[in-house]
Amino acid sequence: LTAGTCAITSAGSLVIPTNGGGDLYFTSASAAIYFPAGGSGMTLISAATFSGATTASLPANSFTATYQNYLLRVVLSSVNVAGDILSLRLRAAGADDSANSYYGSSTGAQGGTTAYLSNNPATSLQLAYLSATAGRVAGDIIIRAPKEAVRTRFTHSIVGVQAGDTVSCGWVGGGFFDVATAFDAATLIGTSNIAGNYQLFGFANA
């Protein structure tokens with residue numbers, strides 16, 4: 001690589017993982033040191049937008065042996081029905097696991113009113129009750145050891161604001177899938193059509 005022109009030669013090779021990145025620090029016009037981004041933190045695995053459907057699934061083989069734990073970051077731009085519930089299912093071999101094996105609970109507040117979500121067991125992990133026409137909803141879901149044949153565990157936090165910015169909603173909770181199963185992806189589920197985007201990160205193992 002040549003500074004200024006970014007000309008590439010075949011004198012050597014630089015291996016960058018899929019969706020990886022970093023910084024090149026040039027020590028001269030023709031020599032540089034590469035510093036990988038997120039080497040000791042998180043790595044972006046996939047990202048996508050979705051709309052016009054009640055579900056949004058991660059690509060097959062999103063969970064691999066490369067990482068043990070994952071962060072799924074979700075932003076909803078809109079929901080279509082008042083009182084939507086956002087939930088999650090795990091996937092294997094291209095199919096959601098809808099077994100009655102999800103256990104979890106969430107505590108939330110909507111416009112100053114405390115609320116709870118707890119439906120044990122259930123066919124999905126309920127994450128948040130979306131107040132009225134809630135928009136601008138953002139949340140983080142940590143998925144622990146989904147690729148291993150163990151009981152997958154979750155923790156999550158979801159915050160949002162109702163259209164018009166007059167009512168807020170916030171949820172924190174956790175849960176687990178009560179069967180030792182290996183999964184390779186997950187699906188976000190809305191009561192009605194949902195729209196937004198997600199980013200999936202893998203936590204570095206060391």
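A residue counts as partly exposed when its relative accessible area falls between the buried range, under 20%, and the exposed range, over 50%. Keep that in mind and select tyrosine 103: its relative accessible area is 26%, so it is partly exposed. We'll come back to this residue. One thing to know before going on is that you're looking at a predicted model.

**The whole chain**

Switch to a cartoon view and colour by secondary structure. You'll find 13 strands and zero helices, so by the definition used here no run of at least four helical residues turned up. Of the 206 residues, 35% are buried. Now turn on contacts: among those with a separation of 6 or more, 71% are between residues 24 or more positions apart. With a surface drawn, the accessible area is about 10,200 Å², and carbon and sulfur atoms hold 54% of that.

**A nonpolar patch**

With the surface still on, pick Leu14, Ile16 and Leu24. Together they make a nonpolar patch with about 250 Å² of accessible area. Leucine 24 sits in strand S1, residues 22–26, and is partly exposed at 37% relative accessible area.

**Aromatic rings**

Back to tyrosine 103, this time with the aromatic side chains shown. There are five aromatic pairs in the whole structure. How does tyrosine 103 sit against phenylalanine 176? Their ring centres are 5.3 Å apart and the planes meet at 5°, so this pair is stacked. Follow the backbone from one to the other: tyrosine 103 is in strand S7 (residues 102–110) and phenylalanine 176 in strand S12 (residues 168–177), 73 residues apart. Phenylalanine 176 is partly exposed too, at 31% relative accessibility.

Next, select tyrosine 67 and tyrosine 70. This pair is edge-to-face, with 6.2 Å between centres and 75° between the planes. Both tyrosines are buried. Add Phe63 to the selection and you have one aromatic cluster of Phe63, Tyr67 and Tyr70.

**Histidine 156 and its neighbours**

Now centre on histidine 156, in strand S11 (residues 153–162). Is histidine 156 buried or exposed? It's buried, with a relative accessible area of 5%. Leaving out residues up to four places away in sequence, histidine 156 touches a set of residues including Gln126, Leu127, Asp140 and Trp171. Zoom in on serine 106: its side chain and that of histidine 156 share a polar contact of 2.9 Å. Try a distance to leucine 72 as well; it is 84 residues from histidine 156 in sequence, yet the C-alpha atoms are 9.3 Å apart.

**Three salt bridges**

Asp140, one of the residues touching histidine 156, leads to the last stop. The structure has three salt bridges. In one of them, aspartate 140 pairs with arginine 73, the closest N and O atoms being 2.7 Å apart. Aspartate 140 lies in strand S10 (residues 134–144) and arginine 73 in strand S4 (residues 69–79), so the bridge ties together parts 67 residues apart in sequence. Aspartate 140 is partly exposed at 23%, and so is arginine 73 at 35%.

Move on to aspartate 96 and arginine 91, where the closest N and O atoms are 2.6 Å apart. Here aspartate 96 is partly exposed at 28%, whereas arginine 91 is buried at 15%.

Finish with aspartate 178 and arginine 151, whose closest N and O atoms are 2.8 Å apart. Look in the loops for this one: aspartate 178 is between S12 and strand S13 (185–203), and arginine 151 between S10 and S11.

How values were computed
Residues numbered from 1 in each chain as written. Predicted model: local features only at pLDDT ≥ 70, side-chain atom pairs only at ≥ 80, totals over all residues. Heavy atoms only, no water. Helix = DSSP H or I, 4+ residues; strand = E, 2+ residues; numbered from the N terminus. Buried < 20%, exposed > 50% of the residue type's maximum accessible area, 1.4 Å probe, protein only. Contact = heavy atoms within 4.5 Å. Areas by Shrake-Rupley, 256 points an atom, 1.4 Å probe, with all protein chains shown as cover. Patch = residues over 30% accessible without salt bridge, like charges linked within 9 Å, V, L, I, M, F, W, Y side chains within 5 Å. Salt bridge = Lys/Arg side-chain N within 4 Å of Asp/Glu carboxyl O. Polar contact = N/O pair within 3.5 Å; in protein donor to acceptor, adjacent residues only side chain to side chain. Phe/Tyr/Trp six-rings, centres within 6.5 Å; stacked < 30°, edge-to-face > 60°.
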